[in-house]
Amino acid sequence: MKEDIHIFGGGITGLFLAYHHVKKGNQVTLYEEKNTLGGVIGTKKEKQGLVELAANGILLTDDIKSMLDEIGLSPVFPKKASKRRYFWTNQKLSQFPISILSGTKLLYSIFLKKLKFDPNLNFEEWGNRMFGSSVTKNIIEPALGGIYGTRLTELQPESIFSKWDGRGQSTIFKEIKKHKKRTYGTVSFPNGMGDLVTHLVNYLSPKMNIKTGVSLSNVEELQNLTGAVRICTSLKNLLPILEPILKQDTSPNLLTISTITRFGETKLTKKPCFGVLFGKNEGIHALGVLCNSDIFDGRVTNSDNSETWIYPKLAGMENDFQMYSILEKDRALITGKVEEPKAVYKTTWEGVFPAYDKNLYDFNQTLDQLETEWKSKGLDIQFYGNYRKGIGLRSIFESTMLE
Ligand SMILES: Cc1cc2nc3c(=O)[nH]c(=O)nc-3n(C[C@H](O)[C@H](O)[C@H](O)COP(=O)(O)OP(=O)(O)OC[C@H]3O[C@@H](n4cnc5c(N)ncnc54)[C@H](O)[C@@H]3O)c2cc1C
């Protein structure tokens, strides 16, 4: 039987969910408060080349491949040379920034040590116990910092790995194996990530109702709708909507992220690479940098070099000039020389995603309870987004798939 589905929020979460429902033959209406769709995802075509506004790529799986085929979009695969990924530790670039002894300890922790989360520990404290301080500082801190937009002290393992069994009965290896799906690396599209939004919207538009300029402001509005309701707004916009009904002492912590795409003459590293991840206390303010023109073809209009630097909100970086000068200092530490950029483009997203910490874990449990409570009253209302089952596009795609 055809179902009536009302989706609020036309970012990539709302579009992915709409795609799955349309494929199932359901009657879908999408409500978006802005006049454009795609949320934070988008690509600008500047004189020097492409500038991504948020995500630079999506991890390709078989399910995502099928969706791309269906919407008529071909992925652009990374160049072979960009396989190399660097860590910046102890003032130098390294592909494997730990000793053989720490490496052995890491293997032991993955294959043999029982996986036990502790809600009283932040990721740094837990990581030091689980893997040792060298692995935590030199590998986990830079790797997770680049993905989750903050430092390990602001994160918690059970919030990030919420699907894993962390009761002390399993191992990391067993959990990875249990949840593993075949992946084909990170891909983009000929005109950047904006292509994904454009193709999804072109595919969906004739098959469903899209209402832009419509904003959800409170939960009561939803009870008058016939059919199922799916809330896909950003967490930042969801909080004021839920405030009258959630009487929580603690609220999720929202993070602010800035990305600066920099076009210049020379490359950041001697050999091509995907990018560099930075740990804490290494003299660099950025969380990571992506070497766009090393990764994908078609990112620059001439032979220039393109990089995207990712920064958390930092004191002393309140204006663009301060940010650009910090970027050049960060860059000079790696290259050993100062180079005038040809162009820089900055995007700042205030409160764009939550810190994956205890508050978020508790908040998601409250949302689960709310969904169950509504269900018992005959209301089919559910929440989707990058704060529910994972921050990345692949996790969002999988969380919106229907049974
Ligand atoms: C800088 C940056 C880099 C990233 N890089 C990557 C990457 O390389 N790979 C990857 O996989 N992921 C990446 N991500 C994560 C990924 O891009 C996001 O998690 C994802 O795009 C979030 O999509 P969303 O639809 O949940 O939220 P949003 O994009 O915020 O969309 C929410 C939508 O809801 C609408 N809305 C809000 N309130 C209302 C309301 N009251 N009523 C109606 N509509 C409303 C908004 O206007 C918006 O269109 C990155 C994120 C950032 C910020």
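**View 1. In which order do the seven strands of the open sheet follow one another, and how are they paired?** The order is S7-S6-S12-S13-S14-S11-S15, and the pairing is mixed (two strands pair if DSSP finds at least two bridges between them; strands, E of at least two residues, and helices, H or I of at least four, are DSSP runs numbered from the N terminus). At the edges you will find strand S7, residues 92-94, and strand S15, residues 343-354, each of which pairs on one side only. From one strand to the next, the twist averages 25° (angles run from 0 to 180 degrees between N-to-C directions, and axes are lines fitted to C-alpha atoms, for helices over the stretch in contact). What you are looking at is a predicted model, in which local features need pLDDT of at least 70 and side-chain atom pairs count only at pLDDT 80 or more, while totals for chains, interfaces and linings use all residues. To find your way around, count residues from 1 along each chain as its sequence is written.

**View 2. A pair of strands inside the mixed sheet: S13 and S14.** Here we zoom in on strand S13, residues 288-290, beside strand S14, residues 305-312. The two run in the antiparallel sense and are joined over three bridges. To pick out one of these pairings, start at Gly288 and look across to Ile310, its bridge partner in S14.

**View 3. The parallel sheet and its edges.** A second open sheet has five strands in the order S9-S2-S1-S10-S16, and its pairing is parallel. Strand S9 (209-212) and strand S16 (381-383) are the edge strands; each has a single partner strand, so one side of each is left without a neighbour in the sheet. In this sheet the twist averages 15° from one strand to the next. Strand S2, residues 27-32, pairs with S9 in the parallel sense over four bridges. A handy landmark for this pair is Thr29, which stands opposite Asn209 in S9. Helix H1 packs on the sheet, where it touches strand S1 (4-8), S2 and strand S10 (228-231). The direction of H1 makes about 170° with that of S2.

**View 4. Helix H1 beside helix H8.** Stay with H1, residues 12-24, and bring in helix H8, residues 194-204. They pack at an angle of about 35°, and their axes are 11 Å apart. Which residues make the contact? From H1 come Leu15, Ala18, Tyr19 and Val22, and from H8 come Val197, Leu200 and Leu204 (residues are in contact if their C-beta atoms, placed from the backbone, lie within 7 Å). By class, this contact has seven nonpolar residues, no polar ones and no charged ones (Ala, Val, Leu, Ile, Met, Phe, Trp, Tyr, Cys and Pro count as nonpolar, Asp, Glu, Lys and Arg as charged, and the others, Gly among them, as polar).

**View 5. Helix H4 against helix H5.** Helix H4 spans residues 123-131 and helix H5 spans residues 133-148. Their packing angle is about 135°, with the axes 8 Å apart. On the H4 side, look for Phe123, Glu124, Gly127, Asn128 and Phe131; they meet Ser133, Val135, Thr136, Ile140 and Leu144 of H5. The residues of this contact divide into five nonpolar, four polar and one charged.

**View 6. Where domain 1 touches domain 2.** Domain 1 is assembled from 4-41, 188-249 and 357-399, whereas domain 2 covers 99-182 (bounds come from an automatic or database domain assignment). The C-alpha centres of domain 1 and domain 2 lie 30 Å apart. Five residues of domain 1 are in contact with eight residues of domain 2. The side of domain 1 that touches domain 2 has three nonpolar, no polar and two charged residues.

**View 7. The hairpin of S3 and S4.** Two residues lie between the strands of this hairpin. Strand S3 (residues 43-46) and strand S4 (residues 49-52) pair in the antiparallel sense, over four bridges. Lys45 stands opposite Leu50 in S4.

Methods:
Two residues are in contact if their C-beta atoms, placed from the backbone, lie within 7 Å.
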